[in-house]
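The following exercises concern one helix and its surroundings. Please examine the sequence and the structure before reading each solution.

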Amino acid sequence: MGSAVLASWPWDNLGFYKYVLYGPLVGKALASRAWESASPDRWILLLLVLFGLRALTYQLWSSFSNMLFANRRRRIIRDGVDFDQIDKEWDWDNFLMLQILMAATAFYAFPTLRSLPLWDARGLAVAALLHVAVTEPLFYAAHRAFHHSGHLYACYHSLHHSSKVPQPFTAGFATPLEQTVLGVLMAAPLAGACAAGFGSIALAFVYVLGFDFLRAMGHCNVEVFPSGPFRALPVLRYLIYTPTYHTIHHTKREANFCLFMPLFDLLGGTLDDQSWELQKQTSAGVDEVPDFVFLAHVVDVMQSLHVPFVLRTFASTPFCVQLFLLPMWPFAFLVMLAMWACSKTFVINCYNLRGRLHQIWAVPRYGFQYFLPFAKDGINKQIELAILRADKMGVKVLSLAALNKNEALNGGGTLFVNKLPDLRVRVVHGNTLTAAVILNEIPKGTTEVFLTGATSKLGRAIALYLCKKQIRVMMMTLSTERFQKIQREAPAEFQQYLVQVTKYRSAQHCKTWIVGKWLSPREQRWAPSGTHFHQFVVPPIIGFRRDCTYGKLAAMRLPKDVQGLGACEYSLERGVVHACHAGGVVHFLEGYTHHEVGAIDVDRIDVVWEAALKHGLRPA
């Protein structure tokens with residue numbers, strides 16, 4: 001495909017620097033003070049604003065398309081959008097760069113276009129007529145040609161159809177030849193109105209943005225039209241297409257070729273007979289029941305923007321604070337306040353594993369709220385309602401993320417299991433696998449470790465497991481009573497391997513630190529050079545020591561046959577999830593019938609680890 005003329009973009013290798021191509025227009029607008037009404041280059045500013053609004057149109061439709069909490073029942077293709085498709089469509093806006101260059105060329109070639117009036121109603125009538133009489137039939141003919149010619153399809157149009165799930169960005173995912181043809185056809189009604197003397201600035205904005213609106217809508221994979229109007233007025237079926245109608249074209253490929261008006265498919269004999277029945281079924285809305293749910297929470301205001309329905313491409317990469325997020329912070333902050341005041345658990349993402357639907361739900365609470373004493377009951381109520389909802393739906397396993405299973409909050413989920421004894425859904429904290437991941441990161445041959453957070457669920461399990469392996473565990477705790485309680489849980493012959501320490505200087509010779517409690521720079525200073533910090537503290541400690549290494553939170557890579565996964569879990573790599581998430585997946589795959597809440601069963605650590613490996617999960 002790449003060797004054919006106009007089959008690849010000339011700026012493909014520039015990456016982000018491709019936007020330098022907007023430089024001449026931006027520079028000209030600034031130099032001529034195009035924002036002033038008397039400026040002769042005011043048209044450049046209007047052109048840049050128009051194309052900025054075009055990009056925003058596709059972005060807003062993309063956000064809508066990925067709002068599973070609002071539209072999952074009306075999704076046409078139920079599969080998720082995976083990383084491969086997101087990467088392919090990363091430069092979806094290439095066509096906007098091409099078409100703004102085409103438009104600028106037209107303005108230079110025909111100077112009279114620079115002095116168009118603000119509005120002329122006659123131009124809208126002319127453009128509408130030309131759209132129906134010229135743009136629609138010519139697009140239909142060109143589109144059929146791209147499909148029926150083996151050369152054109154293989155070299156050009158197959159790229160557009162390589163996306164498995166139509167998305168608004170898919171509309172822009174095509175070759176330069178196709179986008180040139182589309183740009184000319186889109187410009188024809190505007191050129192006709194201007195030639196007739198009825199052109200205007202408002203007409204250009206209305207027609208072009210309307211064109212993009214319908215293109216993005218048709219690719220959004222969510223049925224937005226109710227079926228009632230099409231049944232009451234059958235003629236509407238031939239005047240406007242629907243997302244279902246166009247999605248049929250993407251699945252069958254030999255039907256429904258029209259731009260926006262199915263009338264031309266009817267005239268050409270290519271209208272799929274099932275189009276409107278499928279539209280009726282999809283618009284009615286049918287919910288899918290997940291087998292597994294991971295109940296997450298928001299970390300902070302910035303991280304709340306790291307979701308597919310805000311910025312799909314950003315969510316497909318590990319989270320880190322970026323400068324372009326800063327202007328969005330005030331809006332995200334207001335959303336946080338609104339969610340705090342009135343909201344409930346909602347769906348943010350999904351994927352499929354071995355034919356079973358897995359969903360990620362989010363409790364509408366942010367990390368800092370979990371440490372507010374007055375917020376405790378409200379958070380537990382949100383979690384309880386989510387569990388009850390999952391139970392009613394028929395979910396098999398619900399796994400609690402990070403702070404949702406905090407010991408001080410609900411005893412690691414024990415609160416809910418005790419309060420709701422008749423639950424069919426299995427509630428899982430996933431800490432057994434979390435402990436297994438941490439323990440299997442410790443190098444073989446290690447004889448001594450230093451452990452902080454030793455009295456937590458994870459700390460206790462790690463200490464007991466290691467002492468049974470005859471590894472000396474220096475447990476940092478000021479409470480002798482708590483230390484002795486854990487020591488008594490160990491078999492008598494292994495109790496000698498548990499040692500209480502009360503000062504960090506006691507571990508200044510130990511190079512294996514397991515951290516379950518926040519460490520300040522001063523406390524980290526006691527670790528000898530070359531120390532590796534294994535972590536299970538939330539949030540993770542900040543690495544201040546350049547002569548030491550810092551592990552991330554326990555995580556595992558999902559099996560290779562996972563499908564439809566297109567978002568990173570917080571700062572983890574693609575396809576990697578936190579161990580508590582993975583623990584819930586293993587619980588479901590193994591068909592365990594018990595709840596995994598409260599204290600960790602140390603004897604099950606190796607069992608769960610082997611089960612995870614058996615099902616294809618791998619250490620990250």
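**Exercise 1.** Which residue follows α11, and what is its phi?

Solution. The residue after α11 is R253, and its phi is positive, near 70 degrees. Helices here are DSSP runs (H or I, at least four residues), numbered from the N terminus. The model is predicted: local features need pLDDT of at least 70, side-chain atom pairs count only at pLDDT 80 or more, and totals for chains, interfaces and linings use all residues. Residues are numbered from 1 along each chain as its sequence is written, and side-chain values use heavy atoms, with hydrogens and water left out.

**Exercise 2.** Determine how α11 and α13 are oriented to each other.

Solution. Begin with the axes, which are lines fitted to C-alpha atoms over the stretch in contact, with angles from 0 to 180 degrees between N-to-C directions. Those of α11 (residues 243-252) and α13 (residues 275-284) come within 9 Å and cross at roughly 120 degrees. Angles under 35 degrees count as roughly parallel, over 145 as roughly antiparallel, 65 to 115 as roughly perpendicular and the rest as oblique. The two helices, α11 and α13, are therefore oblique.

**Exercise 3.** Is α11 largely enclosed or not, and why?

Solution. Buried means under 20% relative accessible area (1.4 Å probe, protein chains only). Eight of the 10 residues of α11 are buried, so the helix is largely enclosed by the rest of the structure. Among them are P243, Y245 and H249. The cover over these buried residues includes α6 (121-148), α9 (201-218) and α13.

Conventions. Buried < 20%, exposed > 50% of the residue type's maximum accessible area, 1.4 Å probe, protein only. Contact = heavy atoms within 4.5 Å.
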